[in-house]
Amino acid sequence: MSMINYSDSAMSLLPPLIAIFLAIVSRHVLLSLAIGIILAALLLFNFNIVHSTEYVQSQFGSIIWKDTGFNLDKLYILGFILLLGMITALITISGATAAFATWAKERIRCKRDAKLLTMLLGIVIFIDDYFNSIVVGAVARPITDRFYVSRAKLAYILDSTAAPICVISPISSWGAYIIALIGGLLTTHGLVQIGQFNAFVQMIPMNFYALFALALLFMVVYWGLDIGPMLKQEQAAKKGMLFDELKGTPPGEATELPQSDNGSKLGLFLPIFLLVIATIALMIHSGANALSAQSRAFSVLGAFENTNVAFSLFYGASIGFIATALFFLIQSQNVKHIFIAVISGIRSMLAAVWILIFAWTIASAISDMQTGKYMASLAAQAVPIAMLPAILFLLAGVAAFATGTSWGTFGVMLPIAADMAAAADISLMLPMLSAVLAGAVFGDHCSPISDTTILSSTGAHCHHIDHVLTQLPYALMTATISVAGYLVLGYTGSVLMALAMCCIVFLVIIAKLKQNVVC
């Protein structure tokens, strides 16, 4: 029985919207995602129970086994998450976390410094958003806990320095993917003289959401501009109510891990350093192998364009875990504690693993529902040409929110934007492509079914829905700034004037926030 085509129907929006609504209202993410998956399956097969059940089983099964072999990309990501849980637990047992927290307490003297350090780490570790969220969360969490920064605030810092940095960094998994996409689009529309890398660089100042998400984050961190749900989370944290969602109890009480009294700061940073170096090296290595297979000359950018991110993350984390275990054995020579760390680390990440599996499954179902194509088709309606960048930003945002994937939105919306620019005004090609990139990150930030949102809450050990609700007001503020910028960009064609408008709206928002917040 063939699937029903919903590419021209608003019904394609129903499964993701139902899942999102239930997740926010009930706070039971897995149950909400499961209902969304089942609803999509029933719609796709006209409520035929047998075919719908077979479809759901095949979607879950495809995460492990696809076509004729293991689905290594998905399995590598799941393995990466579990390995980072083990590394974190082993670092804790070694006493390195406590040693660093003691060191930080002597040098980081206030809550603001703890948040600024976390933001700096998030900017420096830019090669991949998954990697950023989990690793920076593991390093920064002991410091922010000590200064009573809420887990929701930590998740916001992680999320706002992950995708916004990756989407404007050419030397990242995101940058390589985007450069490859726009390179093909420019060639298709006869704009080869621009050059794909040059085009990406020109688009950076037009990615208003990424730029002003970072700017707003800095202001929120520096001045403590906490509003709405974030303010409630921060007030609770000040009272010592730091809740570790992944473990289900206040920090440190879920599993009484033994901690060494002679921990070293080196035991924290050496594994992370080796993990970062190994991951970058493996990304370049796997990309170089792909270039060689295509008989292409090696280049760093070419390697990042063709890299196997999941492979690199998994084996980079494996090297990090081995290094952590060896360092621990040299320090304490207690093999038993390594097994304790492995079990504890796996347990701490199981909730995140299940949520990610369900998020992948609903994303696949939404793809079969062709929700993204329906959203993209809305952009084809008759609108003033100058408004196209702003409209594409909003449509990409809605598409990413509904589908839970910015990369999937890139794949659907960027070709639509390029075709529209070629037909309407070729000079709007880069502004419209930039608007899609920015809108996809915006929608991804707001979506409870986004894997990057899930991993940011995982890295912070924060309740997933708490993270979504506390970040939403700031994401909407940044979106408002971005829409103003894209309207000016569409009507004037001037990036400088658009940035000036963004800055004006940004300053008005900051002034309004400072009036309403006691810093």
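The following exercises, each with a worked solution, concern a predicted model.

**Exercise 1. The span of helix H23**

Task: Determine whether the distance between the end C-alpha atoms of helix H23 agrees or disagrees with the span expected from 1.5 Å a residue.

Solution.
- Step 1. Helix H23 covers residues 464-492, which is 29 residues.
- Step 2. The expected span is 1.5 Å times one less than the number of residues, so H23 should span 42 Å.
- Step 3. The end C-alpha atoms of H23 are 41 Å apart, which agrees with the expected value.
- Step 4. The helix nevertheless has a bend of about 40 degrees at Leu-472. A proline, Pro-473, follows that position within four residues.
- Step 5. Just after H23 comes Gly-493, whose phi is positive, at about 75 degrees.

**Exercise 2. Cysteines and disulfides**

Task: State how many disulfides the model contains, and examine Cys-166 and Cys-446.

Solution.
- Step 1. A disulfide is a covalent bond between the sulfur atoms of two cysteines. The cut-off applied here is that the two sulfur atoms lie within 2.5 Å.
- Step 2. By this rule the count is 0 disulfides. Cys-166 is in none, since the nearest cysteine sulfur, that of Cys-446, is 18 Å away.
- Step 3. For Cys-446, the closest cysteine sulfur belongs to Cys-462; at 15 Å, this is too far for a bond.
- Step 4. Burial is judged by a limit of under 20% relative accessible area. Cys-166 has 0% relative accessibility and therefore counts as buried. Cys-446, at 5%, also counts as buried.

**Exercise 3. The enclosed cavities**

Task: Describe the largest cavity and the second largest cavity, naming the helices that line each.

Solution.
- Step 1. Rolling a probe the size of a water molecule over the atoms shows where empty space is left. The search of the whole structure gives 3 cavities of 30 Å³ or more.
- Step 2. The largest cavity holds about 50 Å³ of space. Its lining includes Tyr-156, Tyr-209, His-445 and Gln-471.
- Step 3. At least two residues of this lining come from each of helix H8 (151-160), helix H12 (208-223) and H23. H23, the helix of the first exercise, gives the most, with 4 residues.
- Step 4. By class, the lining of the largest cavity has 6 nonpolar, 4 polar and no charged residues.
- Step 5. The second largest cavity holds about 40 Å³. Among the residues lining it are Leu-84, Thr-88, Val-135 and Ile-272.
- Step 6. Helix H4 (72-94) and helix H7 (129-146) each supply at least two residues of that lining, and H4 gives the most, with 4 residues.
- Step 7. The lining of the second largest cavity divides into 7 nonpolar, 1 polar and no charged residues.

**Exercise 4. The largest pocket**

Task: Give the volume of the largest pocket and describe the residues that line it.

Solution.
- Step 1. About 1200 Å³ of space lies in the largest pocket. Its lining has 46 residues, of which Lys-74, Trp-360, Thr-405, Trp-407 and Asp-451 are the closest to the centre.
- Step 2. Helix H17 (residues 335-369) provides the largest share of the lining, 7 residues.
- Step 3. The lining of the largest pocket comprises 18 nonpolar, 19 polar and 9 charged residues.

**Exercise 5. The setting of Thr-279**

Task: Locate Thr-279 and decide whether Thr-279 is buried or exposed.

Solution.
- Step 1. Thr-279 lies in helix H14 (residues 266-293).
- Step 2. Because its relative accessibility is 0%, Thr-279 counts as buried.
- Step 3. Ala-310 is 31 residues from Thr-279 in sequence, while their C-alpha atoms are 9.9 Å apart in space.

Technical notes
Residues are numbered from 1 along each chain as its sequence is written. This is a predicted model: local features need pLDDT of at least 70, side-chain atom pairs count only at pLDDT 80 or more; totals for chains, interfaces and linings use all residues. Side-chain values use heavy atoms; hydrogens and water are left out. The bend at a residue is the angle between axes fitted to the seven residues ending there and the seven starting there. Buried means under 20% relative accessible area, exposed over 50%, partly exposed in between (1.4 Å probe, protein chains only). On a 1 Å grid over the protein atoms alone, a cavity is a set of points where a 1.4 Å probe fits but cannot get out, and a pocket is an open set with protein on both sides within 12 Å along at least five of seven lines; lining residues have an atom within 4 Å of a point. Grid points are joined across faces, edges and corners, and a volume is the space filled by probe spheres set on the points. Ala, Val, Leu, Ile, Met, Phe, Trp, Tyr, Cys and Pro count as nonpolar, Asp, Glu, Lys and Arg as charged, and the others, Gly among them, as polar.
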